[in-house]
Amino acid sequence: MKRLLHSLLLLFFVITINAQNGGVSQSSRFSFGASVEAGYSGIRDHISDEYFNTFGRSVYATTEERRPGYALGLWGTYWLSPSWDIELGVNFGSWRAHAQAESESYNTFEILTFYSRERYWIQQDLLRIPLQMRLHLGPATNRIRPFIALGAQAAYITRQTNFSRRYFSGTGQEAAEYTYSSTADLNADWVDVRRWQWSILGGIGIQMDRVSLSIQRNWPFTNTYQDSYRLFRYYPDFCSGDFGGNSVGDSFLFCDYRINQLRQTSLRFEYRIF
């Protein structure tokens, strides 16, 4: 993270020096506008693990899927030169994701003895502050100019809503289905929330007079699990028996109660007000 910040500061310093000879007038260096974003959040992934013991074997699989999200915001731009600008914004939006965890247990005769399926939906309300540098290609007189953007984003989790539906059945057990919903306690001492989180932000787009259209993605600096239990990085309530997790034992063995922000990919529309 320190290397990223140092690189951005160095790039800003070099461009600022070069901008002294640019052709942008002082009165036209600043611009201000509004933005609308629509896209998807989360990741798409599937992991399957198999475990063996004296009673037989168990198969455990997790699937993660993206879901739609949106954001509304304001932004301000300062032109360093006819080709370079720096943009600071603030926006608020809701981003969603879905996951499913399935577990199957077989005895030594390969007879299914237990099956469970747990589905999870989450919604994160985020206040985001993106800072980007943009390189505009082509002469400044062109009506349409493509650009490349790169920067960093600070985001604050204001709320996370969780919803879960669990189904299970087994030999000698009556099939049952439960539904859970909750709002994550972002201030609990036992939860590693980190409500402020950083990410790298990048994208490409086109500028057309007062309007710009771009595709953007962020890459959060978050913890990554290397096996099927990495599902918990977005669904910490899965570890709790109160929310439909496997057991209280699983909470202590595999979970660290971390709440991470969802990765977002969006189509962004900007309109320059002045």
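**View 1. Ser48 and its bridge partner Ala61 in strand β3.** Strand β2, residues 45-53, and strand β3, residues 56-79, run antiparallel to one another and are paired over nine bridges, where pairing requires that DSSP finds at least two bridges between two strands. The connection from β2 to β3 is a hairpin of two residues; strands here are DSSP runs of E with at least two residues, numbered from the N terminus. The model is a predicted one, in which local features need pLDDT of at least 70 and side-chain atom pairs count only at pLDDT 80 or more, while totals for chains, interfaces and linings use all residues. Residues are numbered from 1 along each chain as its sequence is written, and side-chain values use heavy atoms, with hydrogens and water left out.

**View 2. The largest cavity and its lining.** With a volume of about 70 Å³, this is the largest cavity, a cavity being a set of points on a 1 Å grid over the protein atoms alone where a 1.4 Å probe fits but cannot get out, with lining residues having an atom within 4 Å of a point. The volume is the space filled by probe spheres set on the points, which are joined across faces, edges and corners. The lining includes Glu37, Asn91, Arg128 and Gln216, and it divides into two nonpolar, six polar and three charged residues. Strand β9 gives the largest share of this lining, three residues.

**View 3. The largest nonpolar core.** Its ten residues include Trp95, Ile122, Leu126 and Ile259, and the elements giving two or more residues to this core are β4 (84-107) and β5 (112-136).

Key
Core = buried A, V, L, I, M, F, W, Y, C linked by side-chain atoms within 4.5 Å. Buried < 20%, exposed > 50% of the residue type's maximum accessible area, 1.4 Å probe, protein only. Helix = DSSP H or I, 4+ residues; strand = E, 2+ residues; numbered from the N terminus. 1 Å grid on protein atoms, 1.4 Å probe; cavity = no way out; pocket = protein on both sides within 12 Å on 5 of 7 lines; lining within 4 Å. Nonpolar A, V, L, I, M, F, W, Y, C, P; charged D, E, K, R; others polar.
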